[in-house]
Every structure is written in C-alpha cells, then in structure tokens.
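Welcome! Please take a moment to look over the sequence and the 3D view before reading on.

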Amino acid sequence: MARDEFQALLTYIRTDQLHPHRVRSGPLESPPPVVTIAREHGTGGEEIAAKLAESLGVPCFDKEILDAVVATATSDPALMRQLDEKLPGRAGMFLYASLMGLHDPLTEYQRLLTRVVNGIAFRGGVIVGRGAHLLLRGAPRFRVRIVGSDEVCAARLAGGDPAKVADALHEVQRVNAARAKYFKEFFKISNGDPLQYDLIVNTDRFTDLDAVVDVILHAYRVHGGHGEAQPPSAIHQDSTSGP
C-alpha cells in the first residue's frame with residue numbers, strides 16, 4: 001500500500017469521521033470492494049490478498065492495520081504489537097500497564113482495531129486477518145478463508161528444501177494455534193467456523209495462486225451481484241484490463 005494511502009487512512013481515523021451510517025452527499029455510488037482474507041499459515045494467503053487487491057483496484061491492508069493501531073494508540077506501542085493476532089499473558093501486560101499508568105492495552109487494541117478496520121471498509125480494500133470479517137458484521141463485505149493441510153503448507157514455506165520442512169511444520173502449527181486462541185478469546189468464536197465465511201478455498205492442490213485469485217473474483221462478483229457468472233479466466237482478464 002502506498003504511503004499516501006496509509007496517511008489518508010490515519011487522517012480519516014484521527015479526525016473521528018468514522019460514521020458508516022451517515023448519509024453520503026451527492027449522487028449514489030456503488031460501495032467500494034471490501035474483501036476480508038482469513039488465512040492459515042503457509043497457505044499463500046498474503047500473496048493471494050495482494051493479487052486480489054490489484055485485480056479489484058483497491059489497497060491491500062495487512063501489517064498496515066497494526067501500524068495504524070499503533071499510530072493512534074495511547075498505550076505503549078510495544079504492547080499493541082504484542083496483541084497483533086495473538087494474545088500474550090494478560091497478567092504481565094496488566095502489571096506493566098498499571099506501573100506505567102497506561103490504559104488496559106487489550107481494551108484499547110480492540111477499540112482501535114475495530115475503528116481501523118471499519119475505516120478501511122468505508123474506503124474499500126482487501127483486509128488480511130485480524131478478524132476483519134467479524135468486525136465488519138452488517139457491513140457489505142465478502143468473507144474469504146484460505147486453508148491448507150499442515151504438511152503442504154510446511155512444504156510451501158520450506159521452498160522445496162526437505163531439510164527445512166520439519167521446522168516449517170512446527171512454525172505452521174504454532175502460528176495456527178496462536179491464531180485459533182486469539183479468535184477464541186478475542187471474538188468468543190472458532191476461526192474455523194465455516195458459517196462465518198462466504199468462500200473457503202483449500203490451496204493444497206493449487207500450484208498457481210493466480211488461479212485462486214480467479215476463483216475468488218468469480219465468487220465475489222456473483223455474490224455481490226456484480227454481473228452474471230463468467231469463467232474465472234475471463235474475470236481475471238477483465239479485472240486487470242480496467243473498467
């Protein structure tokens with residue numbers, strides 16, 4: 001995402017203009033594309049999200065979400081970063097926050113994360129992780145989850161080096177477990193609940209992630225009433241050729 005887009009988002013949030021229900025002035029416009037991408041580690045979710053955003057002509061937000069939370073927080077930025085898609089020990093955080101005279105970091109993180117994600121949705125974008133599909137309940141958005149088996153994801157992360165597969169497998173399991181815990185404690189729901197998504201894609205047998213983007217674009221356009229269903233390849237060509 002370009003720096004000017006990030007600064008525009010920060011300005012939008014800081015000036016407290018986040019009112020999705022407000023009446024828009026001028027002629028009615030179609031809502032901007034908003035797609036949330038939940039992903040298991042090693043599935044290629046981040047790359048898919050970036051490619052999808054390019055095809056839809058909107059920014060892709062991943063680490064920028066955390067940057068926006070940190071930039072607008074009153075608590076220690078280090079505490080905000082610790083809370084990004086994982087929940088460290090609460091006791092230690094509370095003790096540190098109390099000694100430093102700071103606000104409850106988790107409460108502030110929840111508030112700012114909700115504000116940032118809704119600010120992004122108002123402008124349009126592809127949002128990676130952070131439970132965005134749950135934070136945007138009631139708002140127009142297309143919710144995607146990218147999944148894969150631990151073994152295939154580990155092999156993908158290892159980049160074809162058999163010597164790295166074991167470590168990669170441990171990483172996949174550790175990261176996925178942390179994200180599952182984050183969802184359970186933060187949202188009181190399982191991140192694997194299929195009813196929370198509009199489309200779930202298993203990338204185990206996709207060697208070309210562009211094909212996954214085609215599938216998502218096809219489903220997005222049918223789901224959102226953006227025209228009749230077309231073959232995925234035609235959709236991808238149309239989306240990259242401009243309006």
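The report below walks through the cores, two helix pairs and a few single residues.

## Where the model comes from

Please keep in mind that this is a predicted model.

## The cores

A good place to begin is the largest nonpolar core, which has 23 residues. Within this core, the residues that touch the most other members are Val 35, Leu 52, Val 126 and Ile 216. Several elements each supply at least two residues: strands S1 (34–39), S3 (125–128), S4 (142–147) and S5 (199–202), along with helices H2 (45–56) and H10 (209–223). Of these, H10 gives the most, with seven residues.

Leu 52 is a handy residue to click on. Leaving aside neighbours within four places in sequence, Leu 52 is in contact with Val 35, Ile 37 and Val 126, and also with Val 213, Ile 216 and Leu 217. Apart from the largest core lies another one, of 19 residues, with Val 34, Ala 132, Leu 136 and Phe 187 among them.

## Helices H2 and H10

Both of these helices supply residues to the largest core, and they also meet each other. Their axes come within 9 Å and cross at roughly 55°. Angles from 35 to 65 degrees fall outside the parallel and perpendicular ranges and count as oblique, so H2 and H10 are oblique to each other. The crossing of H2 and H10 is right-handed.

On the H2 side, the residues in contact are Glu 47, Ile 48, Lys 51, Leu 52, Ser 55 and Leu 56. They meet Leu 209, Asp 210, Val 212, Val 213, Ile 216, Leu 217 and Tyr 220 in H10. By class, this contact between H2 and H10 has nine nonpolar residues, one polar and three charged.

## Helices H8 and H9

Another pair to look at is helix H8 (residues 150–158) with helix H9 (residues 165–186). The axes of H8 and H9 come within 8 Å and cross at roughly 120°, and these helices are therefore oblique to each other. Their crossing is right-handed.

H8 brings Asp 150, Glu 151, Cys 153, Ala 154, Leu 157 and Ala 158 to the contact. Facing them in H9 are Val 165, Ala 168, Leu 169, Glu 171, Val 172, Gln 173 and Asn 176. The contact of H8 with H9 divides into eight nonpolar, two polar and three charged residues.

## Two residues with positive phi

Which value does phi take at Arg 130? Phi there is near 60°, a positive value in a residue other than glycine. Arg 130 sits in the loop between S3 and helix H7 (132–135). Arg 130 is buried, with a relative accessible area of 1%.

Lys 188 is not a glycine either, and its phi is positive at about 60°. You will find Lys 188 in the loop between H9 and S5. Is Lys 188 buried or exposed? Lys 188 is exposed, with a relative accessible area of 66%.

## A glycine in H2

Finally, have a look at Gly 45, which is found in helix H2. Gly 45 is buried, with a relative accessible area of 0%. Not counting residues up to four places away in sequence, Gly 45 touches Ile 37, Arg 39 and Ile 146.

How many residues apart along the chain are Gly 45 and Val 212? They are 167 residues apart, and their C-alpha atoms are separated by 9.8 Å. Val 212 is also one of the H10 residues in the contact with H2.

Conventions. Residues are numbered from 1 along each chain as its sequence is written. This is a predicted model: local features need pLDDT of at least 70, side-chain atom pairs count only at pLDDT 80 or more; totals for chains, interfaces and linings use all residues. Side-chain values use heavy atoms; hydrogens and water are left out. A nonpolar core is a set of buried Ala, Val, Leu, Ile, Met, Phe, Trp, Tyr and Cys residues joined through side-chain atoms within 4.5 Å. Buried means under 20% relative accessible area, exposed over 50%, partly exposed in between (1.4 Å probe, protein chains only). Helices (H or I, at least four residues) and strands (E, at least two) are DSSP runs, numbered from the N terminus. Contact means heavy atoms within 4.5 Å. Axes are lines fitted to C-alpha atoms, for helices over the stretch in contact, and angles run from 0 to 180 degrees between N-to-C directions. Angles under 35 degrees count as roughly parallel, over 145 as roughly antiparallel, 65 to 115 as roughly perpendicular and the rest as oblique. A crossing is left-handed if the near helix is turned anticlockwise from the far one by less than a right angle, and right-handed if clockwise. Ala, Val, Leu, Ile, Met, Phe, Trp, Tyr, Cys and Pro count as nonpolar, Asp, Glu, Lys and Arg as charged, and the others, Gly among them, as polar.
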